[in-house]
Amino acid sequence: MAIVEMKRADDIGSKVCGDAVGEHHFRTVGLEPPRVGVDAVAVFEGVRVYAPSLRGYVTAWGKGYALDRKAFGQRLLRMAVNAGADLLDGRAVVRPIVEGSWVRGVEVRSASGGTEDVRARVVVEATGVSAAVRTKLPSEWWVSERAPPEDFNVAYRAVAEVEEPQDPRLALIYLNPEAAPGGYWWWFPKGEGVVNAGIGVRAGRGSPSPRDRFDAHVRPKLLRAGARIVHEGGGLVPTRRTAPCMVWNGIVAVGDAAMTANPIHGGGIGPSLVSSYHAAETIIRALSDGEASMEALWPYHRAYHAAYGAKQASLDVLRIYLQSLSSGDLDFVIEKGIVTDAELSEMGYRGVLLPSIISKGLRALKLLSRPSLLRELKLVKEYMDRARRLYEEYPSTPKEYPKWRADEERLFGEVKSRFWGSRA
């Protein structure tokens, strides 16, 4: 077993990231949660979401951690090495080794410029959002499929020491389509004197520069807090449902390489842990029974979708809809209490638009003559339920995949056309 890593060993874990993760993900995979002073710097009690007007907010309560990202990565590295993995650090993946219809390893390049082949019975594609292995596979292989640019957010963030005391109990998210079209900006305290603050916008043609938006909307707030920037940088986040197919003969994709991040807030650490856990379980069974063929690895899909992927698909519908709303629409939904704290928490955990939200929306919208928004909420719930069922009924064998994929493309094409097309 080998880990191929582009960074040097002592830098593994350092990356541009929001640094936040919910505790429930650790319970799901049976991993010891982070500890403050070891691989976390603070504990969150919830996430507060502000309306564009700042006059209203709603809070999803639930325990989470502000990570020491490098220390957390180093902890996972030690676990892998202690379990017998060989670390091949300072090596970048050049291309997959393809023999017939199989992936048999990867070609890597060292910092000195030399190349070598690392052959394997199965390759775990964990190269992040670049998906540097699977996207270089033959285009006719289902696992190589790329997502359109609009299914990603581009982000820019800074970690800063601040003079203004922070309340580390809440992670703060600010919805503002004018400042962050298709995304949001955030302020995540990491203890009382440090914050992770940034902004994300929907990628695609005509997308604004996240660095420019950061300078205009986030940096002034940091300066008012007396910030000393420790690190800043940008990145790309998949904010959509998971990759339709995540396996092929000899390869399994996990984490951002499989587009497992939460479509609403872009959190990727927890879903990466969940996908990696189910990938490992599937790989162990496959190799115990013989070889890691596509058929042997296929159950990974259903295991992951049962744990997270079906919810993720449902939330992708909600993401597409939210990206179509104006500041006025978002103000209305939050300020009128159409979504309560408990409902937001439940919706985020289960990925379901609750009937209670629809009934409250019915009362409020009738009073204010906003029937079009009510119709949209009902349609969103219908689409979310359909997306969840579709992923819960993911095909049990590769033979059934083409029909399922056609149904999936049709559904999400309809969702995008309905909500983005109407406001184009």
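At 33% relative accessibility, Tyr277 counts as partly exposed. In this predicted model, Tyr277 sits in helix H5, and that helix makes a good place to start looking around. Counting along the chain, Tyr277 and Tyr300 are 23 residues apart, while their C-alpha atoms are 9.8 Å apart in space.

Helix H5 covers residues 269–289, and it packs against helix H7, residues 299–322. Two packed helices are described by the angle between their axes and by the distance between those axes. For H5 and H7 the angle is about 145 degrees and the axes lie 9 Å apart. The crossing of H5 past H7 is right-handed. On the H5 side, the residues that meet H7 are Pro271, Val274, Ser275, His278, Ala279 and Thr282. Their partners in H7 are Pro299, Tyr300, Ala303, Tyr304, Ala307 and Tyr308. Sorted by class, this contact has 9 nonpolar and 3 polar residues, with no charged ones.

H5 also turns up in the surroundings of helix H2, where it is included in what covers the buried residues. H2 runs over residues 69–82, so to speak a stretch of 14 residues, and reaches 20 Å from its first C-alpha to its last, close to the 20 Å expected at 1.5 Å a residue. Buried in H2 are Arg69, Phe72, Gly73, Gln74, Arg75 and Leu77. Besides H5, their cover includes strand S1, helix H1 (24–29), strand S4 (57–67) and strand S5 (86–89). Just after H2 comes Gly84, with a positive phi of about 110 degrees.

Helix H12, residues 401–419, offers another view of how a helix can have a buried side. With 19 residues, H12 reaches 27 Å from its first C-alpha to its last, close to the 27 Å expected at 1.5 Å a residue. Its buried residues are Tyr401, Trp404, Arg405, Glu408, Leu411, Phe412, Val415, Lys416 and Phe419. These residues cover an arc of only 130 degrees around the axis, so they end up on the same side of H12. An α-helix has 3.6 residues a turn, so residues three or four places apart point the same way. On the face of H12 turned away from the buried side are the exposed residues Lys403, Arg410 and Ser417.

Next come the loops, and two residues there with a backbone twist worth a look. Most residues other than glycine have a negative phi. Asp19 is not a glycine, yet its phi is positive, at about 70 degrees. Asp19 belongs to the loop between strand S1 (2–5) and strand S2 (20–22), and with 4% relative accessibility it counts as buried. Met259, also not a glycine, has a positive phi of about 60 degrees. The loop that holds Met259 lies between strand S16 (251–253) and H5. Met259 is buried, its relative accessible area being 3%.

Another loop residue, Asn249, lies between strand S15 (247–248) and S16. At 10% relative accessibility, Asn249 is classed as buried. Leaving out residues up to four places away in sequence, Asn249 touches Ser101, Trp102 and Val103, along with Ala292, Ser293, Met294 and Glu295. Asn249 and Ala296 are separated by 47 residues in sequence and by 8.7 Å in space, C-alpha to C-alpha.

Gly114 is in the loop between strand S7 (102–110) and strand S8 (115–119). This glycine is partly exposed, with a relative accessible area of 34%. Once neighbours within four places in sequence are set aside, Gly114 is in contact with Val108 and Arg109. Arg91 is 23 residues from Gly114 along the chain, with 9.5 Å between the two C-alpha atoms.

Finally, there is a tyrosine in a strand. Tyr184 is found in strand S12, residues 184–189, and counts as buried at 11% relative accessibility. Not counting neighbours within four places in sequence, Tyr184 is in contact with Ile173, Tyr174, Leu175, Gly198, Ile199, Gly200, Ile264 and His265. Tyr184 and Tyr391 are 207 residues apart in sequence, and their C-alpha atoms are 27 Å apart in space.

Methods
Residues are numbered from 1 along each chain as its sequence is written. This is a predicted model: local features need pLDDT of at least 70, side-chain atom pairs count only at pLDDT 80 or more; totals for chains, interfaces and linings use all residues. Side-chain values use heavy atoms; hydrogens and water are left out. Axes are lines fitted to C-alpha atoms, for helices over the stretch in contact, and angles run from 0 to 180 degrees between N-to-C directions. Helices (H or I, at least four residues) and strands (E, at least two) are DSSP runs, numbered from the N terminus. A crossing is left-handed if the near helix is turned anticlockwise from the far one by less than a right angle, and right-handed if clockwise. Contact means heavy atoms within 4.5 Å. Ala, Val, Leu, Ile, Met, Phe, Trp, Tyr, Cys and Pro count as nonpolar, Asp, Glu, Lys and Arg as charged, and the others, Gly among them, as polar. The expected span of a helix is 1.5 Å times one less than its number of residues. Buried means under 20% relative accessible area, exposed over 50%, partly exposed in between (1.4 Å probe, protein chains only). The arc is that of the directions from the helix axis to the C-beta atoms.
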